[in-house]
Amino acid sequence: MKQSLRSALIILCFYTASAFCAVEAKQDAEQKAMAVLDAFMTSFSASDPIAHTANYHFPHFRLANGEMQVWQTREDAIRDHKLIFPRLQDSGWHHSIWVERKVIGVSDTKVHVATKFRRLREDGSEIVTAESLYVLTLEQGRWGVKLRSSYLR
């Protein structure tokens, strides 16, 4: 009887520890994904293509306006963002902010985040608010944005 109870307790401890570790791994993934999204938005608002693309994994995918844009390499993304940022600024854009971020799926190697962001003028007035889905992945020991889909033109 003592041996059975001891075995049961060992098994219970093993499963409890495993469940705790799984929860901890998911919380860690969620925190790291949010840190990447913070850096993503900060570098985007700074119009810094080098810092901004450091938050991507490649190939990187963006679905917007019914079109899938694919950047195969970081150099491709940097080149295009050197054109994107001036066009945004010409439209009156000054910076962007997260309005809402909600993790809707998480594993130890992938996080899905439903977001709402706002583009603003220098005086803080709104240009547009849009919803997006970001998928962040852990690749080669680093978290980054792998793909995003937005309802923004």
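This passage walks through a predicted model, moving from one helix to a pocket, then to two strands and a few backbone details.

Helix α3 makes a convenient starting point. The helix covers residues 74-90, and its 17 residues should span 24 Å at 1.5 Å a residue; the end C-alpha atoms are indeed 24 Å apart, so expectation and model agree. Along the way, α3 bends by about 25 degrees at His-81. The residue at the bend, His-81, is also one of the buried residues of the helix. The others in that buried set are Ala-77, Ile-78, Asp-80, Ile-84, Phe-85 and Leu-88. After the helix comes Gly-92, which has a positive phi, near 100 degrees.

The same helix leads naturally to the largest pocket, which holds about 510 Å³ of space. Its lining is made up of 22 residues. Nearest the centre of the pocket lie Phe-44, Arg-62, Ile-84, Leu-88 and Arg-119. Two of these names, Ile-84 and Leu-88, are familiar from the buried residues of α3. Helix α3 is in fact the element that gives the most to the lining, with six residues. Several elements share in the work: α1, β2, α3, β4, β5 (126-139) and β6 (142-150) each provide at least two lining residues. In chemical character, the lining is mixed, with ten nonpolar, six polar and six charged residues.

One of the strands that contribute to this lining is β4, and a residue within that strand deserves a closer look. Thr-115 sits in β4, which runs over residues 110-120. With a relative accessibility of 5%, below the 20% cut-off, Thr-115 counts as buried. Once neighbours within four places in sequence are set aside, its contacts fall into two stretches of the chain. Trp-98, Glu-100 and Arg-101 are among the contacts of Thr-115 that come before it in sequence, while Ala-130, Glu-131, Ser-132 and Tyr-134 are among those that come after.

Strand β1 (residues 56-64) offers features of its own, and Pro-59 is placed within it. The peptide bond between Phe-58 and Pro-59 is cis, with omega at about 0 degrees. Ala-64 belongs to β1 as well, and at 7% relative accessibility this alanine counts as buried. Beyond residues up to four places away in sequence, Ala-64 touches Ser-150 and Leu-152. A link across the sequence can also be seen in the C-alpha positions: Ala-64 and Arg-148 are separated by 84 residues in sequence, yet their C-alpha atoms are 8.6 Å apart in space.

Two loop residues round off the picture with their backbone angles. Asn-65 is located in the loop between β1 and β2 (67-71), and its phi is positive, at about 55 degrees, although the residue is not a glycine. Ser-47, in the loop between α1 (2-45) and α2 (49-53), likewise has a positive phi of about 55 degrees without being a glycine. In their surroundings the two residues part ways: Asn-65 has a relative accessible area of 43% and is therefore partly exposed, whereas Ser-47, with 18%, is buried.

Methods:
Residues numbered from 1 in each chain as written. Predicted model: local features only at pLDDT ≥ 70, side-chain atom pairs only at ≥ 80, totals over all residues. Heavy atoms only, no water. Helix = DSSP H or I, 4+ residues; strand = E, 2+ residues; numbered from the N terminus. Buried < 20%, exposed > 50% of the residue type's maximum accessible area, 1.4 Å probe, protein only. Contact = heavy atoms within 4.5 Å. Expected span 1.5 Å × (residues − 1). Bend = angle between axes of the 7 residues up to and from the residue. 1 Å grid on protein atoms, 1.4 Å probe; cavity = no way out; pocket = protein on both sides within 12 Å on 5 of 7 lines; lining within 4 Å. Points joined across faces, edges and corners; volume = space filled by probe spheres on them. Nonpolar A, V, L, I, M, F, W, Y, C, P; charged D, E, K, R; others polar.
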